[in-house]
Amino acid sequence: LDRENHHRLLYEDPEQSCFFPILMKKYPVSGNLASVIPSAQPMEFADPQEPTGYFLLSDVYQGLSPMIPRGKAKTLRIMEQVRKSEDLVSRAFDQSPVMSYGTYYAKRCWSEVPIEEDGSAYFEAPAMREIYFQILDENGMELHRMTSGVQIMPNEKVGCIGCHEPRNYTISADMDRLPLAAQKPPHPVQMPESMDNSLTDGIIDYTKLVQPILDKYCTSCHSGSDPQGGYDLSGDKTRYFNMSYDNLLGRSRSYRQHDMETGEMKPEEAAKGTPLVHFYWLLWTPTAVHRPLQSGSHASRLPTCFTAEHCGDTVPEEDLRKIWLWMDANVPYYATYAHSRPLSPGRRDRWTRAQTGEMADWYVNEFSEVYKRRCDSCHGPIEGTTNWEGRYAWINLTHPENSPVLTTHLDKAAGGRGVSIRSDGQELIFGNRTDPDYEKMLRAIQQGRIEMFEQPEADMPGFRHLKKEW
């Protein structure tokens, strides 16, 4: 092939590919050198004794001012984006296995490091792992997020100027002043005390970190067949996640697209208002330099819901910090890449047959027949493998009778939400629970519940990893 796109066949073998031929020649074997790098645990596990390196941050405000005034940044959080252990096949939300609405990865919190008055920090960090940093305020809420990654070798020492400071900037060399942090021993890798009992091996698991807090303060009002405000914040299972997760991120219409080049939220997206939970879908995460206060907890409405007036009780600071950690980690749900439905979309699809990955009989033959006849004309289909509106939570597999597809247009006298399909409020889909179509849909979802418990996913007791070699 030449630069004018002329082709000439040199050789072709009908049985063996000749693409990219490599010249084979025998060379003498050199002597083996013993590695000087201590071996690390597999990326999925964290060993307190594993090797570390050292970072010295000179002044975090270099790059943050004037948006973040001096004195506002209190701690620096070390996060790990855990290396994937599965190939990217059979996707849902463009992920395989599906992990969340936003991040494609499991996330681990390693440590929170104090920031000195002059903006400096000196700390240990785990070696040979993909880590990034977050700057937090006094409440543990993210002020700024590092949107690239960094690795460090065992005992390596690395210095940086600030936080997303201009690339052509250098800090002045002042031999009379060392950063305050450099005058102290490095801060060790140390999990925040409030997180120790909620994070397994440091990895964020929504069902263990966030759901218990929602169960304690929210589900007394936001659960059941007619939840307050239409938000079900229970831990009942849905197609890929659970009810609270799909409601907080999907039903809330929280997804906002940002301009890929500038990082700013697109005007038509900003016009929708502040999202309940701000997150980035990793496929469309901006490539521009990240902007302070434009992501996570400070860019969300959810923090305003955790007041004593709304919750009926004061939510402890340590519980709030767990919610902020989850939000600022870009809303991870699963804590592992292991899965139980290797042939299904996203490898976790509970609407499919575990053995084949095809849509389950209860969904195809029973549920869909009624849905297409009585619901599709207004709501459209709910198939597909990605949905930003929480439609997959219309089916509650843990408590089928609470499924919004059954209760939304069910008479309140029968325990439903009583939402009319007409503007004058005079027509419901189901007048009572004895409607033949209601009963048919309910039986279908009940069968889905049975099949879900026969093949538990990673967010359920009894989970067992099933791996298919592709």
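**Close-up views of a predicted chain**

**View A. C109 and C378, two cysteines without a partner.** C109 is buried, with a relative accessible area of 1%. Buried means under 20% relative accessible area, exposed over 50%, and partly exposed in between, with a 1.4 Å probe and protein chains only. The model is predicted: local features need pLDDT of at least 70, side-chain atom pairs count only at pLDDT 80 or more, and totals for chains, interfaces and linings use all residues. Residues are numbered from 1 along each chain as its sequence is written, and side-chain values use heavy atoms, with hydrogens and water left out. A disulfide is a covalent bond between the sulfur atoms of two cysteines. Here the criterion is a pair of cysteine sulfur atoms within 2.5 Å. By that rule the count is 0 disulfides. For C109, the nearest cysteine sulfur belongs to C163 and is 17 Å away. Why is C378 unbonded? Its sulfur is 8.5 Å from the closest cysteine sulfur, in C375, which is too far for a bond. C378 is exposed, at 65% relative accessibility.

**View B. The whole chain, for orientation.** The C-alpha trace spans about 80 × 75 × 50 Å along its principal axes. The chain has 10 helices and 7 strands. Helices (H or I, at least four residues) and strands (E, at least two) are DSSP runs, numbered from the N terminus. Of the 470 residues, 49% count as buried. The accessible surface comes to about 24000 Å², and 52% of that belongs to carbon and sulfur atoms. Areas come from the Shrake-Rupley method with a 1.4 Å probe; for residues, only the protein chains shown count as cover. Contact means heavy atoms within 4.5 Å. Among contacts between residues at least 6 apart in sequence, 70% join residues at least 24 apart. There are 51 positive and 66 negative side chains, with the centres of the two sets 2 Å apart. Lys and Arg count as positive, Asp and Glu as negative; His and the chain ends are not counted. Each charge is placed at NZ of Lys, CZ of Arg, CG of Asp or CD of Glu.

**View C. Helix α6 and the residue N330 just after it.** Helix α6 covers residues 317–328, 12 residues in total. From first C-alpha to last it reaches 16 Å, close to the 16 Å expected at 1.5 Å a residue. The expected span is 1.5 Å times one less than the number of residues. Is α6 enclosed or open? Of its 12 residues, 10 are buried, so the helix is largely enclosed by the rest of the structure. Charged and aromatic names appear in the buried set, including D319, R321, K322, W324, W326 and D328. Just after the helix, N330 takes a positive phi of about 70 degrees.

**View D. G102 in the loop between β2 and β3.** Strand β3 covers 107–114. G102 is buried, at 0% relative accessibility. Which residues does G102 touch? Beyond four places in sequence, its contacts are Q95, F279, Y280, W281, L282, N330 and V331. N330 is thus the residue seen in view C, just after α6. G102 and P28 are 74 residues apart in sequence and 50 Å apart in space, C-alpha to C-alpha. The β2–β3 loop also holds P97. A cis peptide bond joins S96 and P97, with omega of about -5 degrees.

**View E. Q81 in strand β2.** Strand β2 spans residues 75–81. Q81 is buried, at 16% relative accessibility. Leaving out residues up to four places away in sequence, Q81 touches Y105, A106, K107, E130 and Y132.

**View F. P66 and M67 in the loop between β1 and β2.** Strand β1 covers 52–57. S65 and P66 are joined by a cis peptide bond, with omega of about 5 degrees. M67 is partly exposed, at 48% relative accessibility. Outside its neighbours within four places, M67 contacts P292 and L293. The C-alpha atoms of M67 and E269 are 202 residues apart along the chain and separated by 22 Å.

**View G. M128 and H164, positive phi without glycine.** M128 has phi near 60 degrees. Its loop runs between β4 (121–126) and β5 (131–136). M128 is partly exposed, with a relative accessible area of 26%. H164 has a positive phi of about 60 degrees. H164 lies in the loop between β7 (157–160) and α1 (206–209). H164 is partly exposed, with a relative accessible area of 26%.
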